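Me: Could you take a close look at one part of this protein for me, the place where two helices pack against each other? I'd like to know how that spot fits into the rest of the fold.

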Amino acid sequence: MKSSFRSIAAALTIALSTGGAMAAGVGPHLEKQDWTFGGIFGHFDRGQLQRGFQVYKEICAGCHSMDLVAFRNLVEKGGPEFDEAAIKSIAAEFEVPGEPDEDGEPTVRPAILADRFPAPFPNEQAARASNNGAMPPDLSLIAKARTGVAGPDVHVEPLTDLTRFIWHTITNYQESGPDYLHALLTGYNEDKEAPEGQYYNEAFPGNFLSMAPPLSDELVEYTDGTPMTVEQYSRDVTAFLMWTAEPHLEARKRIGFQVLIFLIVFAGLLYASKRKLWSNVDH
């Protein structure tokens with residue numbers, strides 16, 4: 001029986017891995033990372049989201065837009081949950097289009113909580129001109145842009161039975177987008193030659209991209225004692241971008257788990273009712 005379980009589990013593992021590879025396309029191997037938001041019980045780390053926003057604001061916002069995120073979202077439950085006054089102050093540092101003046105000329109005003117993050121460039125041409133001809137992608141949904149599944153490692157041992165395999169898959173399930181972002185941000189290799197205006201990156205398909213390495217140690221100052229390293233910056237901003245892509249992740253997983261419990265109880269009641277109704281019937 002255990003042998004059968006192992007065979008089925010191995011087949012499912014290969015199917016999941018192959019499906020993820022087909023969905024994501026052929027590309028560099030992505031090392032699976034452990035994220036607090038992975039699996040059925042996943043949740044966001046508030047401190048990490050706040051640090052990730054700091055990295056985005058100080059490093060990424062100069063080139064990358066975040067059109068689908070409003071300043072008020074940073075205050076809402078389930079996200080970084082910043083203090084409202086602090087975000088009002090941060091929003092006021094940005095300028096957004098205002099009402100035309102009495103002569104019909106365009107104006108600007110400080111952003112408020114209801115405003116979305118303004119784009120760093122006035123148009124696509126300006127964005128390309130500042131980035132070696134490449135268009136910096138909007139980061140609102142970037143963590144969901146990569147398909148595929150970073151499921152349990154094919155080589156996890158020992159796999160004693162199918163139940164353990166399924167449970168491991170459920171509790172560790174996470175789309176591969178965050179793994180890709182982390183690999184990209186930490187995958188630059190300055191020892192490898194690249195064409196002019198390009199940079200070598202182990203994780204990027206084709207290995208050459210126009211974005212210079214955005215992170216370096218001690219580039220962003222953390223005040224909570226967290227290590228100020230490229231590895232930590234990458235993990236923090238990746239977690240933040242996962243939240244921007246799926247801000248209701250915690251609520252979705254909580255409701256999903258409650259539905260599973262309900263279905264299990266409901267199935268048990270149905271089975272008990274069936275046994276009672278048919279207990280006196282000859283078979």
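**A close look at one helix pair**

Reply: Before zooming in, keep in mind that this is a predicted model. The mean pLDDT of the protein is 84, and 79% of its residues reach 70 or more. Two stretches need some care. Over residues 1-25 the pLDDT is below 50, and this stretch has 21 contacts in the model beyond near neighbours in sequence. Residues 148-158 also have a pLDDT below 50, with 22 contacts of that kind. Where pLDDT is low, the predicted coordinates should not be read in detail.

Now for the overall layout. The protein's secondary structure comes to nine helices and four strands. Starting at the N terminus, the elements go α-α-α-β-β-α-α-α-α-β-β-α-α. Of the 283 residues, 35% count as buried. If you take the contacts with a separation of 6 or more, 66% of them are between residues 24 or more positions apart.

The pair to look at is α7 and α8. Helix α7 covers residues 177-185 and helix α8 covers residues 230-245; their axes come within 9 Å and cross at roughly 145°. The crossing of α7 and α8 is right-handed. On the α7 side, the residues that take part are P178, L181, H182 and L185. They meet V230, E231, S234, R235, V237, T238, L241 and M242 in α8. Sorted by class, this contact has seven nonpolar, three polar and two charged residues.

How does that pair tie into the interior? Both helices feed the largest nonpolar core: F53, Y56, F71, L74, F117 and F240 touch the most other members among its 45 residues. The elements that give two or more residues to this core are α2 (46-60), α3 (84-91), α7 and α8. Which of them gives the most? That would be α8, with eight residues. As a rule, nonpolar side chains in soluble globular proteins tend to be buried together.

F53 is a handy residue to click on if you want to see how parts of that core come together. Leaving aside neighbours within four places in sequence, F53 is in contact with L74, F82, I90, F117 and F240. F240 lies within the residue range of α8, so picking F53 in a viewer brings you back to the helix you asked about. A few loop residues are also worth a stop. E81 is found in the loop between α2 and α3, and its phi is near 55°, a positive value in a residue other than glycine. Is E81 buried, exposed or in between? With 32% relative accessibility, E81 counts as partly exposed.

N207 is found in the loop between β3 (199-200) and β4 (208-209). N207 has a positive phi of about 75°, although it is not a glycine. Its relative accessibility is 22%, and N207 therefore counts as partly exposed.

Finally, A119 is found in the loop between β2 (108-110) and α4 (124-129). A119 is partly exposed, at a relative accessible area of 46%. The C-alpha atoms of A119 and E95 are separated by 9.9 Å, with their positions 24 residues apart along the chain.

Terms used: Residues numbered from 1 in each chain as written. Predicted model: local features only at pLDDT ≥ 70, side-chain atom pairs only at ≥ 80, totals over all residues. Heavy atoms only, no water. Axes fitted to C-alpha atoms, helices over the stretch in contact; angles between N-to-C directions. Left-handed = near helix turned anticlockwise from the far one by under 90°. Contact = heavy atoms within 4.5 Å. Nonpolar A, V, L, I, M, F, W, Y, C, P; charged D, E, K, R; others polar. pLDDT = per-residue confidence, 0-100. Core = buried A, V, L, I, M, F, W, Y, C linked by side-chain atoms within 4.5 Å. Buried < 20%, exposed > 50% of the residue type's maximum accessible area, 1.4 Å probe, protein only.
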